[in-house]
Amino acid sequence: MSALFSGGIWLSSFSSDFAKQNIRIGLVTDSHYAEADPKGTRFYRESLEKMEEFISEMNREKVDFIIHLGDFKDQDEQQREEDTLRFLKDLEQVYAGFQGPRYHCLGNHDVDSIRKKQFLQNIDNTGIAKGKSYYSFDHKGVHFVVLDANYHKDGRDHFYKEGANWQDANIPEVEMEWLKQDLSETTLPAIVFCHHPLFEYWHGESQMHVRNYGEVQKIMQASGKVMAAFHGHVHEEKFTALEGIHYITQYAMVDGSGAENSSFSIIEISGEEIQVLGYKRATSKKFIE
């Protein structure tokens with residue numbers, strides 16, 4: 001049974017033509033694939049088979065597109081560049097089995113022992129130029145925005161082998177200006193995807209959110225177009241609404257051994273509601289007007 005979660009900006013307030021549309025999106029996050037031994041709750045090797053199941057299910061369901069919310073791959077104890085690239089390529093080959101458009105958000109573990117440029121050159125985002133870590137696209141009357149918070153405060157790319165602080169994630173000024181322009185130019189309702197939460201989120205003493213999330217929130221709120229933002233990173237589920245925008249985090253695919261402990265969702269968007277249909281450990285939620 002789906003829980004109800006009300007409040008927010010609704011598709012029905014936009015084009016009446018859109019109300020007849022129905023969009024279904026396959027959503028997964030934090031697969032952390034690597035040929036590495038389990039550590040705590042993370043079963044790195046098993047994410048390859050879990051991803052195969054996700055792709056098979058999304059093909060069977062014929063969703064419109066799939067998106068991964070970051071930490072696609074991980075690294076092993078040796079942290080060798082060539083091994084990390086192999087983990088990335090092996091998982092991307094499985095992900096590419098989806099029979100439709102597919103997209104990626106960049107996570108902090110995606111820039112651990114390889115650089116951002118290397119990650120981006122070895123994955124495909126359908127219709128998006130190689131090398132772009134933040135971008136947008138339209139589908140069936142909705143505008144989708146993918147953000148990248150893997151930056152130092154001064155705008156330099158994170159690279160953890162050089163000592164980047166994973167708790168200091170930032171949306172740089174140039175990306176915020178791009179977001180403001182991007183949202184101003186669309187007439188469509190919008191959904192935002194970002195690996196790191198765009199709202200305050202602490203896990204114990206660890207900062208999980210984008211450091212300058214407040215500035216990003218102001219841009220999204222001022223546009224009057226953003227309905228929801230989906231995130232990974234925290235390996236926990238949270239559903240909250242702030243100033244008319246829903247913020248959702250999802251469970252990690254990597255946590256737990258066995259297919260029954262996988263986690264992924266289908267997001268259904270119509271002119272009346274957004275619904276999260278959870279698979280395995282993931283929870284289902286319905287967002288109503």
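Strand S5, residues 135-139, and strand S6 pair in the antiparallel sense over 5 bridges. I begin with this pairing, and I should say at once that the model before you is a predicted one.

Let me stay with these two strands for a moment. S5 and S6 form a hairpin, and 2 residues lie between them. Lys140, in the turn, has a positive phi of about 50°. Two of the bridges can be named. Asp138 has His143 of S6 as its bridge partner, and Phe137 is bridged to Phe144 of S6. As a general point, strands of a sheet pair through backbone hydrogen bonds, either parallel or antiparallel.

On its other pairing, S6 meets strand S7, residues 190-193, in the parallel sense, over 4 bridges. Here the bridge partner of Phe144 is Ile191 of S7. Phe144 therefore appears in both pairings, with Phe137 and with Ile191, and I cite the general rule again for the backbone that makes this possible: strands pair through backbone hydrogen bonds. Let me put that more plainly: Phe137 has Phe144 as its partner in S6, and Phe144 has Ile191 as its partner in S7.

Is S6 itself enclosed or open? Strand S6 covers residues 142-146, and 5 of its 5 residues are buried, so the strand is largely enclosed by the rest of the structure. In a regular strand, side chains alternate between the two faces of the sheet. In S6, Val142, Phe144 and Val146 point one way, while His143 and Val145 point the other way. Both sets are buried.

I now turn to the sheet as a whole. It is an open sheet of 6 strands in the order S5-S6-S7-S10-S12-S11, and its pairing is mixed. Which strands stand at the edges? They are S5 and strand S11, residues 238-242; each has a single partner strand, so one side of each is left without a neighbour in the sheet. From one strand to the next, the twist averages 20°.

Next, the helices. S6, H4 and S7 make a right-handed β-α-β unit. Helix H4 lies across S5, S6, S7 and strand S10, residues 226-231, and runs at about 175° to S6. Helix H5 lies across S7, S10, S11 and strand S12, residues 245-249, and runs at about 135° to S12.

How do these two helices pack? H4, residues 173-185, and H5, residues 213-223, pack at an angle of about 10°, with their axes 10 Å apart. That angle makes H4 roughly parallel to H5. H4 contributes Met176, Leu179, Lys180 and Leu183 to the contact, and H5 contributes Glu215, Val216, Ile219, Met220 and Ser223. By character, the residues of this contact comprise 6 nonpolar, 1 polar and 2 charged.

I would also draw your attention to Tyr201. This residue lies in the loop between S7 and strand S8, residues 202-203. Tyr201 is buried, with a relative accessible area of 6%. Leaving aside residues up to four places away in sequence, Tyr201 touches Ser206, Gln207, Met208, His209, Val234, Glu236, Lys238 and Thr249. One of these contacts, Val234, is 33 residues from Tyr201 along the chain, and the C-alpha atoms of the two are separated by 8.5 Å.

Two further loop residues deserve mention for their backbone angles. Most residues other than glycine have a negative phi. His32 has a positive phi of about 50° although it is not a glycine. His32 is placed in the loop between strand S2, residues 22-28, and helix H1, residues 47-61. Its relative accessible area is 0%, and His32 is buried.

The second residue is Asp71, whose phi is also positive, near 55°. Asp71 lies in the loop between strand S3, residues 65-68, and helix H2, residues 81-95. At 2% relative accessibility, Asp71 counts as buried, the cut-off being under 20%.

Finally, there is another hairpin to show you. Strand S13, residues 263-270, and strand S14, residues 274-280, pair in the antiparallel sense over 7 bridges. Between S13 and S14 in this hairpin there are 3 residues. Ile267 has Val276 of S14 as its bridge partner.

Terms used
Residues are numbered from 1 along each chain as its sequence is written. This is a predicted model: local features need pLDDT of at least 70, side-chain atom pairs count only at pLDDT 80 or more; totals for chains, interfaces and linings use all residues. Side-chain values use heavy atoms; hydrogens and water are left out. Axes are lines fitted to C-alpha atoms, for helices over the stretch in contact, and angles run from 0 to 180 degrees between N-to-C directions. Angles under 35 degrees count as roughly parallel, over 145 as roughly antiparallel, 65 to 115 as roughly perpendicular and the rest as oblique. Contact means heavy atoms within 4.5 Å. Ala, Val, Leu, Ile, Met, Phe, Trp, Tyr, Cys and Pro count as nonpolar, Asp, Glu, Lys and Arg as charged, and the others, Gly among them, as polar. Buried means under 20% relative accessible area, exposed over 50%, partly exposed in between (1.4 Å probe, protein chains only). Two strands pair if DSSP finds at least two bridges between them. A crossover is right-handed if, with the strands pointing away from the viewer, the path from the first strand over the helix to the second runs clockwise.
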